[in-house]
Amino acid sequence: MEMFSSVPEFKVAIDAHRCRLCQRCVENCSFGALEWRENKVKAFDDRCVACQRCVSMCPEDAITLHRTPSVMSTHPVWTENARRDVFTQARTGAVLLASTGNELHERIIFDNLLLDACQVTNPAIDPLREPIELRTHIGKKPRSVEFEAIDDGITLTTELSPALRLDIPIMIAQMSYGALSLEAHEALARAAVMSGTTMGSGEGGLHKKLYQYADHIVVQVASGRFGVHLAYLNAGAAVEIKIGQGAKPGIGGHLPGIKISEEIAETRMIPIGVDAISPAPHHDIYSIEDLALLVNSLKEATRYKKPVFVKIAAVHNVAAISSGVCRAGADAIVVDGFRAGTGATPKVIRDNIGIPIELAIASVDQRLRDEGIRNETSIIASGTIRNSGDVAKAIALGADAVKIGTAALIALGCTVCKRCYTGRCAWGITTQDPKLRSRLDPAEGARRVANLLAAWSIELKEILGAAGINSIESLRGNRDRLRGYELDHTTLEILGVQHAGR
Amino acid sequence: MHILADFKHYKELNEEVAQAISDGAAQLTLEDVNGQSFIANGLRGSLEIDIYGTPGNDLGMFMDGPRVTVFGNVQDGVGNTMSSGTIVVHGDGRDILGHSMRGGKIFVQGDVGYRVGIHMKTYKSSVPIIVAGGRAGDFLGEYMAGGIIIILGIHKTSNKIDCLGDWVATGQHGGTIYVRGEVDDQKLGDGAAQFPMTANDEIVVKNVLTEYCSEFGLNVDSVLETEFTKIAPGSPRLYAAFYTCD
């Protein structure tokens with residue numbers, strides 16, 4: 001049967017006058033969109049993902065990528081994307097796989113939140129000349145502290161829970177080795193060391209080469225328990241139980257066997273070439289009581305030296321769930337919003353499940369305060385943090401710290417072409433192909449991520465200074481320093497924020 | 001060395017155990033154990049721990065090496081994410097026994113509960129083994145990615161006739177389950193299939209059961225008189241055509 005095959009999304013334009021036929025673009029294209037045929041570069045538009053690798057590598061600037069001018073008639077409901085998805089599924093009968101974060105909901109509440117500054121009535125602080133504290137402690141805080149007088153001063157007698165000490169309130173999110181290349185994983189680990197923060201191991205274990213950075217790595221325990229063993233748990237700065245992920249709440253993971261190379265197999269502790277399937281739930285956790293068991297089991301296995309975090313996706317009842325997670329003994333709750341990124345997720349799940357992180361932070365913080373247990377756990381927010389403004393707003397809404405995933409990958413060279421799941425990343429980030437991996441230099445990558453974090457830290461200090469606040473801890477949950485702009489009444493009520501002008 | 005568990009909180013009991021080990025004890029006997037969780041959690045090396053009573057959830061979780069013998073029944077999560085070692089239970093086991101187990105052996109004299117051996121994996125030369133003398137509940141070997149499970153159906157405390165529950169090996173993509181006697185195909189979940197026993201399978205079963213039977217004073221030859229059924233993944237890539245690019 002003859003079928004209309006949908007229009008390619010992008011068009012590769014090669015300026016014949018500029019092209020000197022060096023074939024560098026052909027070598028660099030990992031998606032097969034450029035081929036050397038009959039002594040010239042031939043473009044296959046339908047394979048192009050607009051990753052910009054060829055554009056960057058062309059020594060003559062001869063290549064430009066364009067969005068294909070549509071030849072399909074327009075329709076407000078049946079957009080080209082909607083039609084393209086139906087065509088694909090009619091052809092394959094399969095679940096649509098997608099990468100990166102939610103594409104359906106463009107509006108970001110952060111953009112409608114405005115930060116405050118001092119004018120006249122109290123002085124702003126100049127961060128270039130006065131100290132402003134970004135240090136953040138993640139973990140349980142005691143309800144009260146007791147001291148005892150000793151000969152030459154006082155000593156703390158209250159027993160403190162193990163906490164994670166960060167120089168900045170920005171952590172690097174959980175992304176697994178397997179989803180990421182080893183080079184990308186190493187770059188993020190080194191960046192965490194350079195920036196005085198942590199990165200997440202993700203759920204695929206920790207490559208032996210990365211154990212040297214483990215005191216800056218939060219090791220994850222997910223439902224598949226890949227690469228989880230005593231040395232791994234005890235090496236990390238903290239242990240994180242992954243219940244859910246913002247890009248795919250309530251569903252498991254699936255790393256296809258073709259991606260399980262020798263090194264990944266060794267790290268995940270599974271045979272080469274066998275699918276790595278993470279079940280949707282942890283089958284030892286069917287309740288808050290069961291979660292408490294795993295939290296306590298991990299504390300036993302690490303002899304009460306490591307804080308244990310629990311990561312959940314922001315779903316409808318996130319506040320009540322967080323209360324349970326806190327009562328299960330989690331030292332921090334990681335809340336991942338519905339725009340959070342991923343290497344691979346069913347598109348329908350990515351685009352339709354979960355709630356915005358801004359609302360989740362505010363409602364979780366409020367719930368824990370109302371119940372008088374806010375000191376028992378820290379809140380770490382992730383899934384949309386694009387810049388230092390988002391960091392400040394997330395903290396003002398009630399988070400202790402944030403995690404960045406996509407932003408860190410963009411710092412490594414990701415152009416958000418959204419094809420992580422193909423394993424053909426032209427920038428060496430989400431691939432296991434040795435040739436592609438070699439394009440990413442871990443040292444240079446680490447520098448770039450550390451630069452990003454350093455820049456955001458300066459900006460955070462500027463934001464704090466402008467607001468007359470000299471410590472990030474004083475911004476936490478300080479919603480009085482936020483105003484909403486063009487937000488509806490319900491949104492403002494949940495955020496606990498006044499409208500601008502009030 | 002003897003430790004009386006009695007009504008101690010698990011934290012206190014496990015701290016005593018850890019202290020005894022760091023003081024050099026290689027053999028420990030825990031008496032009057034009353035549901036204390038996490039016993040032998042994360043313990044390493046060639047220790048021997050005998051437990052009298054009923055240990056609580058996650059016995060031997062993350063364990064790497066020790067031998068634990070329980071004279072009594074056990075609760076959920078025995079050998080959860082265990083790396084190596086041996087757990088012998090002179091009694092019945094419960095749910096998710098051997099969850100994500102990566103190595104070592106769990107020998108249960110009687111029945112085991114739901115989702116036993118879920119997500120077991122083989123890693124290099126390390127092959128996790130579970131043997132239950134009685135009956136297994138539903139979802140035995142779910143998501144099984146490696147290792148060996150043997151269900152004998154001998155010492156059944158349950159009054160059910162069949163020695164298997166429903167949905168056996170749903171989503172299995174590695175490892176092998178051996179069941180003493182015939183298995184109704186309707187019991188199998190998606191991904192699992194029955195295969196004829198090979199000569200190698202016979203050797204594996206005999207070797208494992210020789211060790212198992214010596215633990216419980218059974219005659220291995222009479223156990224082996226009944227023919228075994230082999231259950232393994234029906235396809236190496238169960239979900240190969242499940243996804244497409246957006």
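How many bridges pair strand S18 (residues 332-336) of chain A with S20(A), and in which sense, parallel or antiparallel? S18(A) and S20(A) pair in the parallel sense, over five bridges. Welcome to this predicted model, in which we will look at buried strands, small sheets, helix pairs and the contact between chains A and B.

**Strand S20(A) and its neighbours**

- S20(A) covers residues 378-382, and because five of its five residues are buried, the strand is largely enclosed by the rest of the structure.
- In a regular strand, side chains point alternately to the two faces of the sheet.
- On one side of S20(A) the buried residues are Ser378(A), Ile380(A) and Ser382(A), and on the other they are Ile379(A) and Ala381(A), so that both faces are covered.
- A good residue to find here is Ile380(A), which is the bridge partner of Val334(A).
- Ile380(A) also has Ala401(A) in S21(A) as a bridge partner.
- Strand S21 (residues 401-404) of chain A pairs with S20(A) in the parallel sense, over three bridges.
- The link to look for is helix H11 (residues 388-397) of chain A, which makes a right-handed β-α-β unit with S20(A) and S21(A).

**Strand S14(A) and its neighbours**

- Strand S14 (residues 238-242) of chain A is mostly covered, with five of its five residues buried.
- Ala238(A), Glu240(A) and Lys242(A) are buried on one side of S14(A), while Val239(A) and Ile241(A) are buried on the other.
- Strand S13 (residues 217-221) of chain A runs parallel to S14(A), and four bridges join the two.
- Within that pair, Val218(A) stands opposite Ala238(A).
- S14(A) is also joined by four bridges to strand S17 (residues 308-313) of chain A, again with parallel strands.
- Here Ile241(A) has Val310(A) of S17(A) as its bridge partner.
- Helix H5 (residues 230-235) of chain A belongs to a right-handed β-α-β unit with S13(A) and S14(A).

**Two open sheets of three strands**

- Strands pair in a sheet through backbone hydrogen bonds, in either a parallel or an antiparallel way.
- One open sheet has the order S6-S22-S23 in chain A, with mixed pairing.
- Its edge strands are S6 (113-115) and S23 (498-499) of chain A, each pairing on one side only.
- S6(A) pairs with strand S22 (residues 482-484) of chain A in the antiparallel sense, over three bridges.
- Leu115(A) has Leu482(A) in S22(A) as its bridge partner.
- Another open sheet of three strands takes in both chains, with the order S19(A)-S5(A)-S12(B) and mixed pairing.
- At the edges of this sheet are strand S19 (345-346) of chain A and strand S12 (243-245) of chain B, each of which pairs on one side only.
- S5(A) and S19(A) are antiparallel and share two bridges, and Leu97(A) stands opposite Pro346(A) in S19(A).

**Two helix pairs in chain A**

- Helix H8 (residues 318-327) and helix H10 (residues 357-370) of chain A pack at an angle of about 50°, and their axes are 8 Å apart.
- That angle makes H8(A) oblique to H10(A), and their crossing is right-handed.
- Residues making this contact include Val318(A), Ser322(A) and Cys326(A) from H8(A), and Ala360(A), Val364(A) and Leu368(A) from H10(A).
- Helix H4 (residues 182-195) and helix H14 (residues 442-466) of chain A pack at an angle of about 45°, with axes 8 Å apart.
- H4(A) is therefore oblique to H14(A), and passes H14(A) in a right-handed crossing.
- Among the residues that meet are Ala184(A), Leu188(A) and Ala191(A) in H4(A), and Gly445(A), Val449(A) and Leu453(A) in H14(A).

**Where chain A touches chain B**

- The contact takes 31 residues from chain A and 39 residues from chain B.
- On the side of chain A, the elements giving two or more residues are helix H3 (80-92), strand S5 (95-98) and helix H7 (288-301).
- H7(A) gives the largest share of that side, five residues.

**A residue to find in chain B**

- Leu30(B) is found in strand S2 (residues 27-34) of chain B.
- Leu30(B) counts as buried because it has 24 C-beta neighbours inside 10 Å.
- Leaving out residues up to four places away in sequence, Leu30(B) touches Ile3(B), Ala5(B), Ile39(B), Ile49(B), Ile51(B) and Tyr52(B).
- The C-alpha atoms of Leu30(B) and Gly103(B) are separated by 24 Å, and the two residues are 73 residues apart along the chain.

Conventions. Residues numbered from 1 in each chain as written. Chains lettered and ligands numbered in written order. Predicted model: local features only at pLDDT ≥ 70, side-chain atom pairs only at ≥ 80, totals over all residues. Pairing = 2+ DSSP bridges. Buried ≥ 20, exposed ≤ 12 C-beta atoms within 10 Å, placed from the backbone. Right-handed = clockwise from strand over helix to strand, strands pointing away. Axes fitted to C-alpha atoms, helices over the stretch in contact; angles between N-to-C directions. Parallel < 35°, antiparallel > 145°, perpendicular 65-115°, else oblique. Left-handed = near helix turned anticlockwise from the far one by under 90°. Contact = placed C-beta atoms within 7 Å.
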